Amino acid sequence: AFSVASSSVLGEYHKDLLEMFDLFYVDTSYQTKQPNYHYIEAHLWDYLKENTDTEILSVELQGITMATDNNGVAFRKQISDYMKDKVGISYIEKLTETYQVVKETGYMEDGGEEILESKADEISEEIPDETWKAVELYYPLEDMKQSKNSFVLSQVLTNDKEISTKQILPQNYISERECIVGTGEDKELDFTDKVLFIQYVFEKFFSYSDNATENDLDYEVEYLIGGKNNDYDNLSVVVKKLLVLREIFNAAYLVTDTEKMSLIQDFSLLVATLVCCPEIEPVITASIVGVWSYQESIADVKTLLQEGKVPLTKSKDSWITDLDSVFTMNFSEKSPVESNPGMTYQDYLKLLMLFADNTQLTYRSMDLIEMHIRKIESNEAFRMDGCAEDFSVNIIFDISMFGSYQIVRKFGYFS
């Protein structure tokens, strides 16, 4: 009787959650306004009554695993198990290798952008404005700093695509509200689980490049990374992170390109000679390398947002800008979109997500699931922290002349 009754409870899984997101959960609100685990007890009691003549004295839950327990680890484990048969080993190895290459730079941890800015400040302090004025040039590094400080998306976007202004109320969703807490056990997740989760994200959610318009937020993947309450700010966060990433690798390549470095050094030597200050030549060189790398980064991000490809490590063939751009600082100039080998905008989003906090990614993905499910009739109050995947229950039967009989059982989708 218990086997039939527990299977019947599990058979009440949320159909839309399974259909849309391939997740097995019982919604303990049963489409009411508030989750309540007593509904599980009541339903189990009813199913037991249908399948046994023995009198039931009590049905009491002793444990329940909610989707949000332990920072959503059971939720992530479901996703990993679902994705394992869909993602090849070669994909996991390739993304892991790219992650390691970027990680070794040390700039993608928190504070990477500040490190780049401090380096620019160090250079700018060593070259007085008068040095540039002496040769009737303005100071390109200062323009680059001003461009960063007054960053707007128009620097990297074309005029033919309207930017979404959609916004949400964060307090209505998992990541900003107090969650219902169950008794779920903690589970070990590794780097492969994170790769699988990221691939799941791109299977279920939309990004800027998908041109989605029917959701509460159009740039859902960007929301996972940025965590802001509106599409514009989330896209801005992503673009700024991409600019930092591209600037790092552009500078790393630029200093190895003998032809470009020769041009830079010749110019630096000319400036230093004209102002009779030869000791500033290496500082001017470093300044121009920084500005040119940033200008190239602007062109790279333009290319990505226009559905082009940009390799992580540049080469002579994939370098877009020329030395003149360092002094024109023409950020509005359209960069070419070519079918070169390299990484797409979505590839770069996956890379950024690998460096994002696991808990934030998990809860923000639940935010998005809530947004989607609440659009369905009778699910307006749906909550992911009201979703349960397994249960421990204590049942007491009355065995007539033999007194009471107690059983303790655990049942669930993956138990």
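**Packing of helices α4 and α16**

Helices α4 and α16 lie roughly perpendicular to each other, because an angle of 65 to 115 degrees counts as such and the two pack at about 65°. In this predicted model, α4 spans residues 69–83 and α16 spans residues 358–373, and their axes are 9 Å apart. The crossing of α4 past α16 is left-handed.

A look at the side of each helix that takes part helps to picture the contact. From α4 come Asn71, Gly72, Phe75 and Arg76, while α16 contributes Asn358, Thr359, Thr362, Tyr363, Ser365, Met366 and Ile369. By character, these residues divide into six polar, four nonpolar and one charged.

Asn71 offers a handy place to zoom in. This residue sits in helix α4 and, beyond its neighbours within four places in sequence, touches Thr359, Thr362 and Tyr363. Asn71 and Asn358 are separated by 287 residues in sequence, yet their C-alpha atoms are 8.6 Å apart in space. Asn71 has a relative accessible area of 43%, and is therefore partly exposed, since that class lies between the buried limit of 20% and the exposed limit of 50%.

As for confidence, the average pLDDT of the chain is 88, and 86% of the residues reach at least 70. Residues 331–335 deserve some care when the model is read: pLDDT stays under 50 there, and the model has 15 contacts beyond four places in sequence for this stretch.

Note on methods: Residues are numbered from 1 along each chain as its sequence is written. This is a predicted model: local features need pLDDT of at least 70, side-chain atom pairs count only at pLDDT 80 or more; totals for chains, interfaces and linings use all residues. Side-chain values use heavy atoms; hydrogens and water are left out. pLDDT is the predictor's confidence in each residue, from 0 to 100. Contact means heavy atoms within 4.5 Å. Axes are lines fitted to C-alpha atoms, for helices over the stretch in contact, and angles run from 0 to 180 degrees between N-to-C directions. Helices (H or I, at least four residues) and strands (E, at least two) are DSSP runs, numbered from the N terminus. Angles under 35 degrees count as roughly parallel, over 145 as roughly antiparallel, 65 to 115 as roughly perpendicular and the rest as oblique. A crossing is left-handed if the near helix is turned anticlockwise from the far one by less than a right angle, and right-handed if clockwise. Ala, Val, Leu, Ile, Met, Phe, Trp, Tyr, Cys and Pro count as nonpolar, Asp, Glu, Lys and Arg as charged, and the others, Gly among them, as polar. Buried means under 20% relative accessible area, exposed over 50%, partly exposed in between (1.4 Å probe, protein chains only).
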